[in-house]
Structures are given as C-alpha cells and as structure tokens.
Amino acid sequence: MRDTNSRSRSPPAQTPGPFQVKKKGGAATAASGCDVDAEPGDKSWLTGQPYSKRFFEILKARRRLPCWEMRKEVVKMVRENQSSVLIGETGSGKTTQVAQFLLAAGGDLGSGSIAVTQPRRVAAMSVAARVAQEMDVELGQEVGYNIRFEDVTSEKTRIKFMTDGMLLRECQTDPLMSKYSVIILDEAHERTLATDILFGLLKEVLQKRPELRCLVMSATLEAEKFQDYWSGAPLLRVPGRMFPVETFFTLRPEKDYVAAAVEVCCMINQQEPPGDILCFLCGEEEIETACFEIETRAGESGCSTMVLPLYSSLPMNQQRRVFPPAPEGTRKIIIATNIAETSLTIDGVVYVVDPGLFKQMLYNPRTHVESLLVSPISRASAQQRAGRAGRTRPGKCFRLYTPETFEKELPESTYPEIIRSNLSSVVISLKKLGVDDLVHFDFMEPPSPESMMRALEMLHFLGAIDDEGDLTDAGKAMADFPVDPHLSKTIVAACSRGCVSEVLAIIAMLSVPPPFSRPRHAQKAADRAHRNFASGYGDHLSLLTAYSQYSNNGSKADYCHEHFLSERNMKQAENVRRQLAGIVRSRGLEKESTEKNGMITTNVRKSFIEGFFMQCAHIDQGGKNYMTVRDQQMVAIHPSSFLQHKPEWVMYHETVVTDRCYMRNVTAIPAEMLIEVAPQFYHPDTCKLNEQAQKILQRALPRSKR
Ligand code: CDP
Ligand code: MG
C-alpha cells in the first residue's frame, strides 16, 4: 500500500487498521507521508523536486515554534479521535504547521486533502503563501487557497486554506465533504457565522464518514465551550512562550482615538528603545490617514521608520510587506485592523497601541437593519492584543482607554456572529443543503427565534421560500450565487427581464472595494473625470457606465489612469462578473426576455427593486431628508452619490453611519414602478407604510394603471 516514491524513513506509528489509501499516481500521492523529524534529504518528499536554500532556512525557524514540539501528540490525537481541539497562543504555529504535520503523517490523514478554514480572506491567502514557501512548492499547486471569487488550487492541492464561507458553499455540491480527509476549523474562537454552522454540519458528516477527522483550533479563548460541544473531545494545549507585557492606560477617555493613536505611536517612536510597533485601528480610511500622519512626523523628527498599513482590501503584495524584518536601525510601525489580533502574526512587535475598538457588523432583527459599527472590543480581545507585544521579548501595551472603561464597558468576550447577524444567507444555504428543521439544528449557540423568524420572513418576501417554508425554484437558483439574497434575487429577476449582463456588471461593481479613486493630490480632477460616468437615474446605472466603458476599452490600464478608476478594483469587478456569469450560464437561468428591448435602464431598475424593495426610502414632508420604509429611519443621500436631485422615492444599496446616517449607492425609482414590481408591499390600498408614503403612492396609482 505504500508509495515507494516518497521518502519515508519510519512508518506512521499509531495508524489503526489498514490504510485507506486513494491512489492518485505521481509523487504527490505520498500516502505514507514523511517523517518530519528526520533530516530532509535534498529532494521534496511531496514533489520529488530539489529543495531550495530558503527551505532549509525556514525549516530552522519552524523547528523553534511551540507547535513543533507537540507535533507527535497532535498527530496522535487527530489520528485516534474523530474530533479534537487544539489550543495555543497566537503565533505558536497552529495555522502554518499543523496541516503539514498531518499530511506528512500519511495513512488516513493524508489520503485526501486537508482543508483549513479561516474566518478572513486575507488570512487564508497569506498563510497559504507562507505554507507554500515552507513546503517549497508553488502557491496554487500542492498548497493553495480558495476564497470567494478566487480559487488558487489545482488537482494537486493537498493543503487548502479557505474561508469558512467557502467550505460552507462547497457543502452545497458535496455535502459529505468527500474531498477531504481532515478538516481543520481554525480561529474557532472568532465564532463567525459560517464556522458555527460548519460545526453543526460536520457533526452530522462525521457520523456518516468514520474515517474523516476534524480538528478545531483556537487561540486560548473559550476552549472549554468547543470541548463541550464535541461531547468531550480531547483537548491539547500548546504551551506558549510569553514574555511579560507592561500595560498602560490613559487617565481620561480619548475624544479622538485616531489622533490619540498617532500621538502615542510617535511618542514611542521617539522615546522608546528599538522594537516594532503594532497599532490597531478600525478601517482602511483611518489607517491610511494615520500612516500618512505618522510618516510625516517621523520624517520631521529624523527617526528611521517604516510605516505599513494592513487591512483586508490592501493588495496582496503590500500586505506581505509587513512580515519581513525592517533593516537594522529602522523601526517598523504597522497600523492594522483587528486582523492582526489573532489571524496574522508579525514577528518583532514589542509595542502595542490599542484604542479598544473594532468594526463589527451588527444586525437588529426588529428593524431589519444591518450596519457596520465601531464597537468596543471585549476584554478577551484586549488581552490578545496586549499579548502581541510579548512574543519575542518583554513588551509594552498602551491602551487608549481608562482602567474603568476596561472593567465596566468592555464586554467579557465578543458575541458570536450568529447571535448578532442577519441570518437570511445562512437560512437559504441550509435549506439548499436539505436542513429544513432549523429549530433542531445542533447550533453551538442557537440564534434568537426572532432573528430566525425575520430571516424566514425576508426570504418569503423575496419569493425564495413558499408558505410551507420550502425553497421555491427561484430560491434554489438564488442559493447558487455566493452573494446575499437581495443580490441573488436581483440576478434571478434580471434573468427573466433580459438585462442579466448589465445587472451582473453592477453587482460586480458593488461587490468590490470602491472602484472610483480620489487621490489626495488630485481630488478635483478625479471628481471631474467621474462625472463622465454619471447617469441621471443615480449610482447603479453610473456604475454600469463606468464598467462598460472600462471593459470596452482596448487599453484598460491607461483608461483607469485617465479616468481615476482603481485598476485593481476594476479587474476584481471583471473577475466577479465573469464568475457570476458562469453560474448563470451553467444553470441555464437566462430566459427569453418578455420585456421590450431598448428599455435596459427600466429593466435594470425593476430587477433591483425585486431584490431591494425593502431598501427604499421616500422624501419626508419637508422635502429635505428621506425616511426608510423598513424602519422609519431618517437618512440622507451620501455626498459621494451621482444622484444630483432629490426624487420622491429612492432605492439604496446600503446605509452607512458617520456623522449621520447616509444611504450609499442610490437610484431614483418612480413610485409607479414600486407599485408595479412590488405591489404586495407598495400598493397604496393595502400597504402598511406611513401617511406620507401612502400619499405619494396614491398620487402615482393612476399613472401605474396606465
Ligand atoms: O496560527 P498561530 O497563530 O498559532 O501561528 P502561525 O500563524 O502558524 O504562525 C507561526 C509563525 O510563522 C509566526 O510566528 C511567524 O513567525 C511565521 N509566519 C510568517 O513568518 N509569515 C506568515 N505569513 C505567517 C507566519
Ligand atoms: Mg493561526
């Protein structure tokens, strides 16, 4: 049964029973794995190719990681138990090492491929790149990653890093997860919605596949909870090596946390002995502003500094710049979102600056409103952040809040996403997976009945489920798209309205980071250039114009440069569009259009209303502000909108709260169109909207009958 091509020195010790080896041919079968303790020869056991010099250098560092010392115990635990838990300090080597140990161990463990889930896209990409380096293979070959809209894997892939959402999606076509011999749910302490759902699904799959192994890995938070859920699964703790971290609090609460963070970074830079700084902020804009300020001030003070941002929408090559050590005598200052809290470890950090905040998606089932809000971190997160300073030597953590805030205002731990999010995406995926009885699904922490009800209600409104709660044909089609149900409904609607190509372009543009760039030094010129895309209907159709002009242009790079479009984001939009179009094509969804030709702008808007009729707002009595139909919230059109007038009704893609509540990506919708497309909600005779809304609709009624 052994693959004689591979370099195996000692047989896997505790393999129970006969191997279940799937022969795949070629060196990569490696069913017998390799002995990680033995000195590697000059050729890779996996590929048969000669090792590079860098491989041996990295190997030295790997052998110093706390996880390395526990490798035998980890392999034994996973081999002998269907599910087990591994706990270890951040940076101990769980994410990068454990899958490699299991693959090398061979036998059942190495018979299929190994999936390692990550809550964050960036983490999946970045650790895959690192592990490919460690194993001396090309990224996308034996080691790859799969995140939404980006699949960098091949037939040969044995270790696959993927977002938890992707694995959940894969289950729709392969409910038994049959490709995998081991599934590692990493960063389980983050308690994302997808990981929580995977827990429940895996429990069932494990019963059907006795040879499958599941390993839950987590930073030291809340370990016992996982163990309880897996009814007493064995737990292994990797001892951490932590140096003491001295913690400082501010005396008074800080009014402006970004300014305070900049101040403290500059202070450390000028006064403290060498050592890198890691500063946590909440989002791209804040991070870029802070980087700019710190860089300017460091330049003035003559300190040799390297200031590096780190957030999820940053291009990969820039993200990678945070890892290598700075040149001798230069201090690295990394300004990051909470991605650097546990998902990514940067060596050399000695100082941490923690404003005590992060951005989290919060959903209020009562009003159906979901918003990304800056919220206080938990005390557990604060400890994690501080810990980042003590990995290589004693460090310091500067908390930009008072001890009283820490004690009284920070919650003990972060709420699992499942009890604070909009469940409609999850409900539709579960239904597609055949899990109909959501009430008895084995949730680690069940969501509130109210948010479950609201999700079902929303899907019913969208026509995805029928009165019995079963998926309709439209619902089944919707579940195939990796976008939220409002958008998938829009796509399905566009398929019958003869405008799917246009709608996909708009959705692609809405799904990527902002495509319009406004560089600090050329804002006026950028605004002028963007005005060329403006449609009188508003933002959705302006996005379409920008996309079409870009994609019809021979020289895309030049076009982006001249018209102030972000080339990277436009490319990403093209990629998203292509993938969504692939799904439309492969499912044969596009129907002969019943609509008149030449009415693209009308059909596009009607398709969007089918998905977003709950996300509309009408002008208030004063004619100045808007009121949302869903929760009667006062909102305004975002200043960045292409919409230059104030129509009676608008549809919006999302709301954002800054100094006030804004609707972003807004399109004018005539009332009669609302009545025609969503009569159940907007017919003035039956609708339950407020007086002002009804008045506008009444006026439109005769027009809509015409
Ligand atoms: O998952 P865990 O937090 O336990 O650790 P890890 O992500 O496996 O990281 C282990 C070590 O690998 C880190 O301490 C870094 O030294 C190194 N690493 C790296 O150099 N570059 C990366 N992109 C990822 C990890
Ligand atoms: Mg990790």
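In the predicted model, strand β6, which spans residues 180-185, pairs with strand β7, spanning residues 213-218, in the parallel sense and over 4 bridges. Within this pair, isoleucine 183 has cysteine 214 of β7 as its bridge partner. Both strands belong to an open sheet of 8 strands, in which the order is β4-β3-β5-β2-β6-β7-β1-β8 and the pairing is mixed. The edges of the sheet are taken by β4 (150-152) and β8 (235-238), each of which has a single partner strand, so that one side of each is left without a neighbour in the sheet. On average, and with direction ignored, neighbouring strands of this sheet are turned by 20° against each other.

Two helices that pack on this sheet were examined in turn. Helix α5, formed by residues 121-135, packs on the sheet and touches β2 (113-118), β3 (143-147) and β5 (159-163), and the direction of α5 makes about 170° with that of β3. Helix α6, formed by residues 164-173, likewise packs on the sheet and touches β2, β3 and β5, while its direction makes about 100° with that of β5.

Helix α6 also takes part in a contact with helix α7 (residues 193-208), the axes of the two helices coming within 8 Å and crossing at roughly 40°. An angle of this value makes α6 oblique to α7, and the crossing in which α6 passes α7 is left-handed. On the side of α6 the contact is made by Asp164, Gly165, Leu167, Leu168 and Cys171, and on the side of α7 by Ala194, Thr195, Ile197, Leu198 and Leu201. Divided by character, the residues of this contact comprise 7 nonpolar, 2 polar and 1 charged.

A further helix pair is formed by α15 (residues 424-432) and α16 (residues 449-461), which pack at an angle of about 75° with their axes 9 Å apart. This angle makes α15 roughly perpendicular to α16. In this contact, Ser424, Val427 and Ile428 of α15 meet Ala455, Leu456, Met458 and Leu459 of α16. The residues of the contact of α15 with α16 divide into 6 nonpolar and 1 polar, with no charged residue among them.

The surroundings of ligand 1 were considered next. Ligand 1 is surrounded by 16 residues, of which Gly91, Lys94, Thr95, Thr96 and Arg130 are the closest. Two or more residues of this shell are given by each of the elements α4 (94-105) and α5, and the largest contribution is that of α4, which gives 4 residues. Helix α5 thus appears in two settings, as an element that packs on the open sheet and as one that gives residues to the shell around ligand 1. By character, the residues of the shell divide into 3 nonpolar, 10 polar and 3 charged.

A second arrangement of strands is a closed barrel of 5 strands, which runs β17-β18-β19-β21-β20 with mixed pairing. Neighbouring strands of the barrel are turned by 50° against each other on average, direction again being ignored. Within the barrel, strand β19 (residues 634-637) and strand β21 (residues 661-668) pair in the parallel sense over 2 bridges, and the bridge partner of alanine 636 in β21 is tyrosine 662.

Definitions and conventions: Residues are numbered from 1 along each chain as its sequence is written. Chains are lettered from A and ligands numbered from 1 in the order in which they are written. This is a predicted model: local features need pLDDT of at least 70, side-chain atom pairs count only at pLDDT 80 or more; totals for chains, interfaces and linings use all residues. Two strands pair if DSSP finds at least two bridges between them. Axes are lines fitted to C-alpha atoms, for helices over the stretch in contact, and angles run from 0 to 180 degrees between N-to-C directions. Two residues are in contact if their C-beta atoms, placed from the backbone, lie within 7 Å. Angles under 35 degrees count as roughly parallel, over 145 as roughly antiparallel, 65 to 115 as roughly perpendicular and the rest as oblique. A crossing is left-handed if the near helix is turned anticlockwise from the far one by less than a right angle, and right-handed if clockwise. Ala, Val, Leu, Ile, Met, Phe, Trp, Tyr, Cys and Pro count as nonpolar, Asp, Glu, Lys and Arg as charged, and the others, Gly among them, as polar. A residue is near a molecule or strand if its C-beta atom, placed from the backbone, lies within 6 Å of it.
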